Every structure is written in C-alpha cells, then in structure tokens.
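Reader: I've just opened this one and could use a friendly tour. Can we go through it bit by bit?

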Amino acid sequence: MSNNIKGVLWGLLSAALFTLVSALAKIAVIEYHVLQILFVRQCFVFASALPVLLKTFPHGFKTQHPLPHALRLGGAFVALSTGIWAVALLPLTTATTLAFAKIFFVALLASLFLGEATTKTRVLGIALGFLGVLIVIRPGFDGLASLYALVPLAGALGAAVAVVCVRKLSQTESTATLLGYQAVFVGLMAGLPMFWLWKTPDLFGFVLLISMALIATLGQWIGIKALRLGEASLVSSTEYFSLIYAALLGLVLFSELPDAFTLIGAATIIFSALYMMQKEHRRKAALKPT
C-alpha cells in the first residue's frame, strides 16, 4: 500500500472523528455552554502537547511577531467556539457544509495579505464556492434563518484568518511555538469565563465531555499523521467526506434529512474547491523547470 493511500485512509478516519465530535457537541450543547465544551476539549489538547511544550520551554514561546499570533489565536477561538454553536442552531449537514466556506476565505485572504497569485481559476473558484454557500443559505426563502447561517460562516472566516496567519508565521516560527500558543491561549480564552459559566456535569455529561475531548485530540493527531504520509492535496480532499458522515449521523442521531438546497449547495462547494485545487496543481506543475 502506497503512502498516499495510507494518508487518504488516515485522513478519512480523521474527518470521521471530527464529524463525530460535532454530532456529540449537538447533544452536549443542550446542557452545557459552548465555552465549557471548548474548555474541556482544550485541556486535553494542552495535555497532548505538554511534552513538546516542556521540552521547548521557555524558548518555544519567544516570538518577534505578536500581532499575527494574536490574530491567529482570535481566529482559532472564533472558529472552534462557533463550530460548536453552529450545530446547536442548524442541522448537522448544513453546519458542516457552510464551514467549508473556509476554503474560499483562505484563498481570498491569501491573495490580499500574502501576495499569492490572483489567477482566473482562483477568482472563479471563490465565486463558485460562495454561490454554493448562497444556495445553502437561500436568502429570501422560507426554511433557514439567514442569521443562524452567519454563525458557521463567522467560524469559517475565523478559521481562514488562523490558516493565513499560520502560513505567514510558519516561515519564521517553529512548530513548537505555533502549537504552544494555540494549546495554551485558546484554552485560557475559553477558561476565564468558567468562573461564571461552569456547570458541574453529572456522570453522563462527564463521559460525554471527556469523550468529545479525547476524540477531537485523537482526530487532530491522526490528521497530522495523514499529512505526513500522503500528499497534502490528496489528504485535504478527504475533508469533503465530512458531509457524508454528517448526513449519516444527522439521520441516525437526530432524524435530520438534508434538503435539496443543502445538497445542491454542498455539491457546488465541493466542485468549486476541487476545480480550484486541480487547476492550481496543474499551474504549479507547469511552472516547475523540466
């Protein structure tokens, strides 16, 4: 079995685990605040990163670029918290679909702030992607409150800001520094409000919150393993299987059936992202010296 196939298989498992976390969050958010769920999750992320943090402390926290770190942490916090909030407000498949707007926000922000090429392919891909988002939101039609749809879109924008900042910071900062800042400070941002928002869980709640944190941490490390084994473009495409997982879990756990608008919008988003990915790959291949 080739490394690419192994990477894809690990990527499929990672996508499944993160979708399962979203489904469990839809259950947990009925009883517990979004920030409490995020705080418990970040405690486990911090614990998993602790060996690296201790090994590199204090040098791992030294940086000459505090502003990009602050923007990245703010974006990550918004993305993670609204990701939990979105599944409480919307069907699981709809929230998952709208979160893919991150792909197009990244392309747009990278063109504006990182100087990445603004090609016709990228412009067309961004336009098609947002058309897919509009189809899912269907403003002016009955059935989906557009204000609720803004929650996963805000999360997608936050995730895109974080991704663009990481691209910039990765040129000068170590992996340990990037890991350390997110593990510590996102947890602190979620943890400070716990003085007012904490609700002591019962046995079921305890098991639920701990399970979500463990699954999310496992999914993160499996995703890293997938990227180490396979080509990034191949492994990244496995994220789209989250829509299939979300549809299945939504049906089994919540009796949710995605409507035609969600299915058409999801198909448009996936097509536009794959189109942009393929064209960009061909363009870069053509620019390589023979």
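Author: Sure, one term to begin with: helices (H or I, at least four residues) and strands (E, at least two) are DSSP runs, numbered from the N terminus. Residues are numbered from 1 along each chain as its sequence is written. This is a predicted model, where local features need pLDDT of at least 70, side-chain atom pairs count only at pLDDT 80 or more, and totals for chains, interfaces and linings use all residues, while side-chain values use heavy atoms and leave out hydrogens and water.

Reader: Which helix does Thr268 lie in, and is Thr268 buried or exposed?

Author: Thr268 lies in helix H13, residues 260-287. Buried means under 20% relative accessible area, exposed over 50%, and partly exposed in between (1.4 Å probe, protein chains only). At 16% relative accessibility, Thr268 counts as buried.

Reader: Which residues does Thr268 touch?

Author: Contact means heavy atoms within 4.5 Å. Leaving out residues up to four places away in sequence, Thr268 touches Leu128, Gly132 and Ile135.

Reader: What is the relative accessible area of Val136?

Author: Val136 sits in helix H6, residues 120-137. The C-alpha atom of Val136 is 7.6 Å from that of Leu98, although the two are 38 residues apart along the chain. Val136 is buried, with a relative accessible area of 0%.

Reader: Leu98 is part of H4, so how many residues of H4 are buried?

Author: Helix H4 covers residues 92-99 and is largely enclosed by the rest of the structure. The buried ones are Leu92, Thr93, Thr94, Ala95, Thr96, Thr97 and Leu98. That makes 7 of the 8 residues.

Reader: How do H5 and H6 pack, and at what angle?

Author: Axes are lines fitted to C-alpha atoms, for helices over the stretch in contact, and angles run from 0 to 180 degrees between N-to-C directions. The axes of H5 and H6 are 9 Å apart, and the angle is about 145 degrees.

Reader: Which residues make that contact between H5 and H6, and how do they divide by class?

Author: H5 brings Ala101, Phe104, Phe105, Ala107, Leu108, Ala110 and Ser111, and H6 brings Arg122, Gly125, Ile126, Gly129, Phe130 and Val133. Ala, Val, Leu, Ile, Met, Phe, Trp, Tyr, Cys and Pro count as nonpolar, Asp, Glu, Lys and Arg as charged, and the others, Gly among them, as polar. The split is 9 nonpolar, 3 polar and 1 charged.

Reader: Which helix gives the largest share of the lining of the second largest pocket?

Author: On a 1 Å grid over the protein atoms alone, a cavity is a set of points where a 1.4 Å probe fits but cannot get out, and a pocket is an open set with protein on both sides within 12 Å along at least five of seven lines; lining residues have an atom within 4 Å of a point. The lining here is Leu67, Pro68, Leu71, Leu109, Phe113, Leu114, Val161, Val164, Cys165 and Lys168. Helices H3 (66-89), H5 (101-113) and H7 (146-169) each supply at least two residues. The largest share, 4 residues, comes from H7.

Reader: What about the largest cavity: which residues line it?

Author: By class, its lining has 6 nonpolar, no polar and 1 charged residues. The lining residues are Val21, Ala25, Ile37, Arg41, Ile84, Met212 and Ala213.

Reader: Last one: what is phi of Ser255?

Author: Ser255 is found in the loop between helix H12 (241-254) and H13. At 61% relative accessibility, Ser255 counts as exposed. Most residues other than glycine have a negative phi. Ser255 has a positive value, near 55 degrees.
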